[in-house]
Amino acid sequence: YKGYEEVLVPAAPRAPPPEEGELVRIADLEEWAQLAFPGYKSLNRIQSRIFKTAFHSNENILVCAPTGAGKTNIAMIAVLREIGSNMRYGVIQRADFKIVYVAPMKALAAEVTANFSKRLEPLGLVVRELTGDMQLSKRELAETQMIVTTPEKWDVITRKGGDVSVSSLVKLLIVDEVHLLNDDRGPVIEALIARTLRQVEASQSMIRIVGLSATLPNYEDVAAFLRVSPNSGLFHFDASYRPVPLEMQFVGVSEKNFLARQNVMNEVCYNKLSESLKAGYQVMVFVHSRKDTGKTARVLADLAAKAGEAALLDTREHEKYGLFAKDVRRSRNREMAELFELGFGIHHAGMLRPDRSLVERLFAEGLLRVLVCTATLAWGVNLPAHTVIIKGTQVYDAQKGGFADVGMLDVQQIFGRAGRPQYEDSGLGIILTTHDKLAHYLGMLTHQSAIESQFAKCLVDNLNAEIVLGTVTNVREGVAWLGYSYMARRLERNP
């Protein structure tokens, strides 16, 4: 088109419905294990297929499955296996084992902690979060059976030579989002998995590693790195297993001039928005700064007025409109009230907690057709919409002191919000970017580009840490240590 190019990726067809007897029923589990699945009738297909390996064996597992396929329950099955093997005469020996769950972000760590605490409480297990936000004392650590942490924090703990008591009791290590090996934070994950593998071989103890990941093209490499047997421990599910099939659209704006580019982006964004609104869907627009949320909402409102389509955004006919309008007027946030009149909602981390909750409720109830928000919404809050638009891919990065591209993980997480399993049978994810970045995002999201190790950047730091720990004392040991990394796997494949 004039000023931009568009690529459409149709949704993958859905996998055929499960056959009789394919799903594992919760009622068939041991009685104590059923306590961890309140309200569930059966596991889903992916979980059922993995159940035998996860629950009846001790081998390492790597599961590659699309967002929303229920990977949390796979972790839960592995946790139950560990609990079961520490039972003596029907009593759980709580002091004998620790389970570590490594989640990529603090927001996710908090979510996982809440979920597992609630479900493992009937079994009398303590689940605690250990991140930059939440410190634990030695005693608290000793009393905890399951620790939910971030890669950096766990790296720090396993680096300490003296604090052997904690890391020596770990019997199960669950690493969520393993495909982050490709990201800036990949080296940390790589270092701690390599350290765990060496610990297993040096002390001849049993530590089971469970890797959960999005679909990757080169899953065999990651499996080899995690010491997973390709025949029995590696499970790979493609996009057809996504609970709601996702259609993707990529728009690359080719205008060179900054202002012209912004205008084209706003217009394309508005056109996509009105298409979805006319079909009766709700839309989320993701932007990358707090200030931009209000700005974008105003621009879109102006475009709607120009096109004479302001009625699309009007929700005054909604039965609860009067109730909620009162709440909005009570809020001190003038911008939010102003935009509510225009039919837009905004949501970012700079808003007060009550205001954010109000906006989330308004959107969930259908009083807001369009929500303009920042990426924090995709991580912390489970609010799905049929259509998700990412407007622009430039994020200000304070560490680099300039603009950087939106990370792979953020984009996947945001697209994971598209399509609501309980209401619709399809979702639409749209990403608006500059023309030179189009191929980059296309390759990433259609899983064409293999994930590579980023270990070389941090090689010096990590080697130094191992030397201080005393696990590497000469060149030969250094070479052996390097052989445990994902980098060594990729070097063999792709010299």
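Here is a short chat about the sheet, cores and salt bridges of a predicted model.

Student: In what order do the seven strands of the open sheet run?

Tutor: The pairing in this sheet is parallel. Neighbouring strands are turned by 15° against each other on average, direction ignored. Reading across the open sheet, the order is β6-β7-β5-β8-β9-β2-β10.

Student: Which strands stand at the edges of that sheet, and why is one side of each left without a neighbour?

Tutor: An edge strand here has a single partner strand, so one side of it has no neighbour in the sheet. That's the situation for two strands, β6 (127–130) and β10 (234–236).

Student: Which residue of β7 does Leu130 stand opposite?

Tutor: Strand β6 is joined to β7 (residues 146–149) by four bridges, and the two run parallel. Helix α6 (residues 151–159) packs on the sheet and touches β5, β6, β7 and β8. As for Leu130, the residue opposite in β7 is Thr149.

Student: Which helix gives the largest share of the largest nonpolar core?

Tutor: That core has 83 residues, and Tyr101, Phe116 and Leu120 touch the most other members. Leaving aside neighbours within four places in sequence, Leu120 is in contact with residues including Met76, Val79 and Ile83. The largest share, eight residues, comes from helix α3 (residues 71–85).

Student: How many residues are in the other core, the one with Phe344?

Tutor: This core lies apart from the largest one. Its members include Ala301, Phe344, Val370 and Val406. The count for this core is 67 residues.

Student: Is Arg45, the salt-bridge partner of Glu22, buried or exposed?

Tutor: The closest N and O atoms of Glu22 and Arg45 are 3.7 Å apart. The pair links a loop between β1 and α1 to helix α2, 23 residues apart. Glu22 is partly exposed at 27%. Buried means under 20% relative accessible area, and Arg45 has 17%, so Arg45 is buried.

Student: How far apart are the closest N and O atoms of Arg490 and Glu452?

Tutor: Arg490 sits in helix α20 (residues 486–493), whereas Glu452 is in the loop between α17 and α18. Arg490 is buried, with a relative accessible area of 9%, while Glu452 is partly exposed at 25%. Their salt bridge has its closest N and O atoms 2.8 Å apart.

Student: Which residues are linked in a network of salt bridges?

Tutor: The structure holds 22 salt bridges. Side chains of opposite charge can pair when their charged atoms come close. The residues linked in a network are Asp155, Arg159, Arg195 and Glu466.

Conventions: Residues are numbered from 1 along each chain as its sequence is written. This is a predicted model: local features need pLDDT of at least 70, side-chain atom pairs count only at pLDDT 80 or more; totals for chains, interfaces and linings use all residues. Side-chain values use heavy atoms; hydrogens and water are left out. Two strands pair if DSSP finds at least two bridges between them. Axes are lines fitted to C-alpha atoms, for helices over the stretch in contact, and angles run from 0 to 180 degrees between N-to-C directions. Contact means heavy atoms within 4.5 Å. A nonpolar core is a set of buried Ala, Val, Leu, Ile, Met, Phe, Trp, Tyr and Cys residues joined through side-chain atoms within 4.5 Å. Buried means under 20% relative accessible area, exposed over 50%, partly exposed in between (1.4 Å probe, protein chains only). A salt bridge is a side-chain nitrogen of Lys or Arg within 4 Å of a carboxyl oxygen of Asp or Glu.
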